[in-house]
Amino acid sequence: MITSALPYANGPLHIGHVAGAYLNADIYVRHLRALGKDVVWVCGSDEHGAAITIRAQKEGTDPKSIVDRYHALIKDSFERFGISFDIYHRTSSELHKETAQAYFLELEKNGSFEVKTTEQYYDAKAGMFLADRYIQGTCPNCQNPSAYGDQCEKCGSSLSPTELIDPRSTLSGEKPELKETSHWFLPMERHEGWIKEWIEKGILDGKPHHDIDQWKKHVMGQCKAWLDSGLHSRAMTRDLDWGVPVPLEQGKNKVLYVWLDAPIGYISATKAYCEANGKDWKDYWQNDESQLIHFIGKDNIVFHCIIFPILLKEHGGYNLPVNVPANEFLNLEGDKISTSRNHAVWLHEYLDEMPGREEELRYVLTSIMPEVKDSEFTWDDYQARVNNELVAILGNFVNRCLVLTGKYFEGKVPEPSESETPEELKELFATNADEVSTAIQAYKFREAMQAAMMGARIGNKYLADTEPWKLIKTDEEGVKKILFESIRIIAHLIRVMGPLLPGTSEKLKGMLGEGLDAEGKVVKGGALGEVGLLFRKVEDEEITFQKEKLIKEPIAEEAAQMDVKAEIDFETFSKLDIRVGSILTAKPVEGADKLLHLEVKVGTETRQVVSGIAKHFKPEELPGKQVTVLLNLAPRKIRGVMSQGMILMAEDETGKLVFVGPESAIDDGSEVR
Ligand SMILES: [Zn+2]
């Protein structure tokens with residue numbers, strides 16, 4: 001039973017996601033399938049939680065539209081990239097709702113929860129309790145005025161909403177009030193004993209459960225750090241109207257916490273898959289013979305190694321994971337991948353912009369996979385790996401071998417009389433497939449890819465050393481043998497590359513045609529299929545385009561994330577008296593190089609206005625210009641001149657100023673509203 005972290009349906013996938021929990025699992029699962037194991041691999045969109053409702057609110061739409069859009073985009077990207085889930089489900093489905101509610105009720109029945117009343121911020125105007133992300137205020141640590149209720153993104157400290165200075169609701173801009181609310185808490189401190197023994201020794205209920213030496217050090221490290229600081233009670237429900245409703249009368253207007261809801265999504269996805277395929281989901285989740293493995297990124301370790309196992313054990317009957325091989329993070333061009341800054345390589349854009357290069361991305365991401373520490377993707381490295389490894393080694397070997405066979409032996413697998421395996425190839429055929437397999441089963445995908453490439457390296461060297469293109473003039477029998485053995489190497493590559501580069505493996509099968517039997521053995525005299533190029537060189541222009549895109553395209557989301565001042569009502573707005581006026585005269589203000597002294601005619605009045613625009617405009621270019629003026633701003637004496645209004649200007653990030661005047665001429669004194 002294999003699971004991959006459910007992608008959150010509020011944005012597209014980037015290569016960091018792919019290298020974190022999907023490509024590794026895909027290789028692992030394809031390998032298990034090739035071994036003939038009974039394996040189910042599930043994933044799906046995580047469609048609940050406050051981040052979805054916040055996004056919907058910013059875009060002026062409803063949560064359903066957001067999740068429908070991103071579920072479709074994510075599912076499609078996975079399919080196009082060749083990620084072979086048995087099912088890609090979604091947590092907004094009815095089956096998931098039933099499954100999650102039944103799970104919750106079972107825990108409730110078992111006494112796994114404690115209902116506690118706490119005080120939480122409530123927005124009276126919006127009529128709702130505020131999720132942490134809906135509250136902004138000043139950070140108590142760094143004074144950042146727009147810290148969130150759970151975190152300050154400026155100094156990185158994690159906060160609770162009540163720590164914020166001057167908290168305000170992002171829904172109404174109002175100061176929220178503290179109000180009592182009840183929630184179902186999971187008292188995790190009850191479970192410290194057994195979970196410690198399970199994590200640190202691999203022992204469950206007094207019996208060996210899994211081999212802790214197979215767990216990654218950084219995964220164990222994070223779990224131990226958490227356990228050392230003590231487990232605490234955690235709320236498993238939320239006051240929100242988007243999610244799986246709490247199925248109890250006293251839980252009205254509450255939903256399951258997204259971190260209770262999402263992992264149950266693995267179970268509901270398995271149910272959906274099994275229902276459609278005549279299987280029993282319990283064989284995978286509730287059977288001693290089955291092993292549960294979670295593929296995730298390092299940000300999900302605690303949930304999958306501590307919280308979800310507690311939930312599984314509290315329910316009863318379920319298997320606990322035998323391993324959680326979390327990957328670390330993938331960085332991009334010297335910086336963290338950032339969704340909000342659009343510093344990312346988006347999978348769907350890659351697939352559109354680099355068509356036919358799915359295998360190249362698979363190869364590069366596997367080769368640099370952040371298995372035990374953070375790693376980095378750069379476009380130069382991508383180009384170098386594709387051109388110097390895939391094209392120059394794998395592609396070149398296959399091409400030389402098959403083109404020569406076409407030329408000398410009419411495109412049929414040669415039939416040498418003697419068939420002793422040459423010394424230099426013996427080790428490859430004897431041990432390489434096991435090396436690749438062992439590495440994959442130990443979650444060492446980089447090592448597996450390197451080992452799999454050995455066949456192509458050795459094949460290339462074999463051709464270079466034996467030089468069949470020269471030998472053909474004197475020893476045709478010798479060339480038959482060389483090319484036959486080379487085709488055996490291709491057959492070997494088809495097998496070991498199967499899980500790693502499945503598309504390439506399929507292409508190679510096609511090229512060997514009748515020269516390969518159903519068991520993967522080379523058939524002497526078999527006619528080869530059509531021989532084509534496996535990989536195209538990556539040109540400089542392709543790389544330059546991608547690099548420039550990273551620099552040039554900051555933030556499609558910026559507009560949505562702009563800091564807007566607190567809301568005002570119409571009455572407040574209507575107090576402003578803004579009118580169109582014409583500048584009559586403009587002159588410098590003595591002793592102030594930024595200021596101009598303007599006389600502005602507004603209707604029947606002429607007003608004196610001191611304006612800080614001298615650095616941007618010359619006095620002589622201003623008379624006659626129509627502008628907008630805020631008339632009822634309290635008069636103020638500036639450098640000895642009484643300023644009786646304010647000229648409205650627009651200013652961009654660079655400090656550039658332009659007048660905000662009427663689009664076409666209109667009578668002075670016309671009201672702006
Ligand atoms: Zn801060």
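Which residue in β2 is the bridge partner of threonine 3? In this predicted model, the answer is valine 42, a residue of strand β2, and the sections below place that pair first in its sheet and then in the protein chain as a whole.

## The parallel sheet

The bridge between threonine 3 and valine 42 belongs to the pairing of strand β1, which covers residues 2-4, with strand β2, which covers residues 41-45; these two strands run in the parallel sense and are joined by two bridges. Both strands are part of an open sheet of five strands, in which the order is β3-β2-β1-β15-β16 and the pairing is parallel. At the edges of this sheet stand β3 (87-90) and β16 (321-323), each of which pairs on one side only. On average, and with direction ignored, neighbouring strands of the sheet are turned by 35° against each other.

Helices also pack on this sheet, and two of them can be followed in the model. Helix α1, made of residues 15-34, touches β1, β2 and β15 (292-295), and its direction makes about 160° with that of β1. Helix α3, made of residues 63-81, touches β2 and β3, and its direction makes about 145° with that of β2.

## The antiparallel sheet

Another open sheet has four strands in the order β5-β4-β9-β12, and here the pairing is antiparallel. The strands at its edges are β5 (128-129) and β12 (233-235), and because each has a single partner strand, one side of each is left without a neighbour in the sheet.

Within this sheet, strand β4 (residues 114-123) and strand β9 (residues 177-187) run antiparallel and are joined by nine bridges. A reader who wishes to find the pairing in the structure can begin at valine 115, whose bridge partner in β9 is tryptophan 184.

## Two residues with positive phi

Aspartate 166 has a phi near 50°, which is a positive value in a residue other than glycine. This aspartate 166 is found in strand β8, which spans residues 165-169. Is aspartate 166 buried or exposed? It counts as exposed, because it has 9 C-beta neighbours inside 10 Å, and a residue is called exposed when that number is 12 or fewer.

Asparagine 253 also has a positive phi, near 65°, and is likewise a residue other than glycine. Asparagine 253 lies in a loop, between β13 (237-239) and β14 (254-256). With 12 other C-beta atoms within 10 Å, asparagine 253 is exposed.

## The chain as a whole

The secondary structure of the protein chain comes to 20 helices and 29 strands. The radius of gyration of the chain is 33 Å, whereas the globule rule gives 26 Å for 673 residues; the value for the chain is well over that of the rule, so the chain is more spread out than a compact globule. Along its principal axes, the C-alpha trace spans about 110 × 70 × 40 Å.

The domain assignment divides the chain into domain 1 (2-105 + 255-330), domain 2 (112-235), domain 3 (378-567) and domain 4 (571-672). Between the C-alpha centres of domain 1 and domain 4 there is a distance of 59 Å. Of the 673 residues of the chain, 38% count as buried. Among the contacts with a separation of 6 or more, 70% are accounted for by residues that are 24 or more positions apart.

Terms used: Residues numbered from 1 in each chain as written. Predicted model: local features only at pLDDT ≥ 70, side-chain atom pairs only at ≥ 80, totals over all residues. Pairing = 2+ DSSP bridges. Domains from an automatic or database assignment. Rg over C-alpha atoms; globule rule 2.2 N^0.38 Å. Buried ≥ 20, exposed ≤ 12 C-beta atoms within 10 Å, placed from the backbone. Contact = placed C-beta atoms within 7 Å. Axes fitted to C-alpha atoms, helices over the stretch in contact; angles between N-to-C directions.
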